[in-house]
Amino acid sequence: MDLPVKFPRETEVIREDVARFRALSPRERFEVPRGMLRMGDRIERMSPQAAWAKRYALEQELLAEKNTREFFKRHGY
């Protein structure tokens with residue numbers, strides 16, 4: 001299908017994001033992930049599903065740990 005709107009390729013978007021990040025000062029580079037973490041905390045506090053999300057995240061972490069242990073056990077580590 002030939003659409004009249006052209007979307008950039010994913011690699012182009014990633015390269016642009018990387019170039020923007022590299023152009024930041026060291027302090028600004030530190031602030032980027034910090035700002036994302038703050039926004040995540042804010043969304044979590046505002047969410048009516050916050051308790052469920054915390055339980056789900058914990059369950060997923062425990063499941064990942066269990067799967068990792070089983071993988072290492074199966075492969076002799």
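**Close-ups of a three-helix model**

By the rule used here, the salt bridges come to 5. The model behind these views is a predicted one, and the legends below go from the whole chain to single pairs of side chains.

**View 1. The whole chain, with 3 helices and 0 strands**. Reading from the N terminus, the elements go α-α-α. The radius of gyration is 20 Å, well over the 11 Å that the globule rule gives for 77 residues, so the protein is more spread out than a compact globule. Lay the C-alpha trace along its principal axes and it spans about 50 × 35 × 35 Å. As for burial, just 1% of the 77 residues count as buried. The accessible surface adds up to about 7700 Å², and carbon and sulfur atoms account for 60% of that. On the charge side, there are 17 positive and 13 negative charges, and their mean positions sit 3 Å apart.

**View 2. A nonpolar patch made of M1, L3, V5 and F7**. These four residues form the patch on the surface, and together they offer about 530 Å² of accessible area. Zoom in on F7 and you are in the segment before α1, the helix that covers 10-22. F7 has 65% relative accessibility, so it counts as exposed; the cut-off for that label is over 50%.

**View 3. A salt bridge inside α1, between D17 and R20**. The closest N and O atoms of D17 and R20 are 2.3 Å apart. Both residues belong to helix α1, and because they are 3 residues apart there, about one helical turn separates them. D17 itself is partly exposed, at a relative accessible area of 38%.

**View 4. K54 and E44, a salt bridge from one helix to another**. Here the closest N and O atoms are 3.3 Å apart. K54 sits in helix α3 (residues 50-74) while E44 sits in helix α2 (residues 26-46), so this pair ties together parts that are 10 residues apart in sequence. The E44 end is partly exposed, with 33% relative accessible area.

**View 5. E70 and K66, paired within α3**. Their side chains meet in a salt bridge, 3.3 Å from N to O. Since E70 and K66 are 4 residues apart in helix α3, about one helical turn lies between them. How accessible are the two partners, E70 and K66? E70 comes out as partly exposed at 33% relative accessibility, and K66 is partly exposed too, with a relative accessible area of 40%.

**View 6. A small set of linked charges: E31, R34 and R38**. Salt bridges that share partners join these three residues into one network.

**View 7. Along helix α3, from A51 to K73**. A51 has its place in helix α3 and is partly exposed, at 48% relative accessible area. That value falls short of the exposed label, because exposed means over 50%. How far is A51 from K73, in sequence and in space? The two are 22 residues apart along the chain, and their C-alpha atoms are 33 Å apart.

How values were computed: Residues are numbered from 1 along each chain as its sequence is written. This is a predicted model: local features need pLDDT of at least 70, side-chain atom pairs count only at pLDDT 80 or more; totals for chains, interfaces and linings use all residues. Side-chain values use heavy atoms; hydrogens and water are left out. Helices (H or I, at least four residues) and strands (E, at least two) are DSSP runs, numbered from the N terminus. The radius of gyration is taken over C-alpha atoms; the globule rule is 2.2 Å times the number of residues to the power 0.38. Buried means under 20% relative accessible area, exposed over 50%, partly exposed in between (1.4 Å probe, protein chains only). Accessible areas come from the Shrake-Rupley method with a 1.4 Å probe; for residues, only the protein chains shown count as cover. Lys and Arg count as positive and Asp and Glu as negative; His and the chain ends are not counted. The place of a charge is taken as NZ of Lys, CZ of Arg, CG of Asp or CD of Glu. Patches are made of residues with over 30% relative accessible area and no salt bridge: like charges are joined within 9 Å, nonpolar side chains (Val, Leu, Ile, Met, Phe, Trp, Tyr) within 5 Å.
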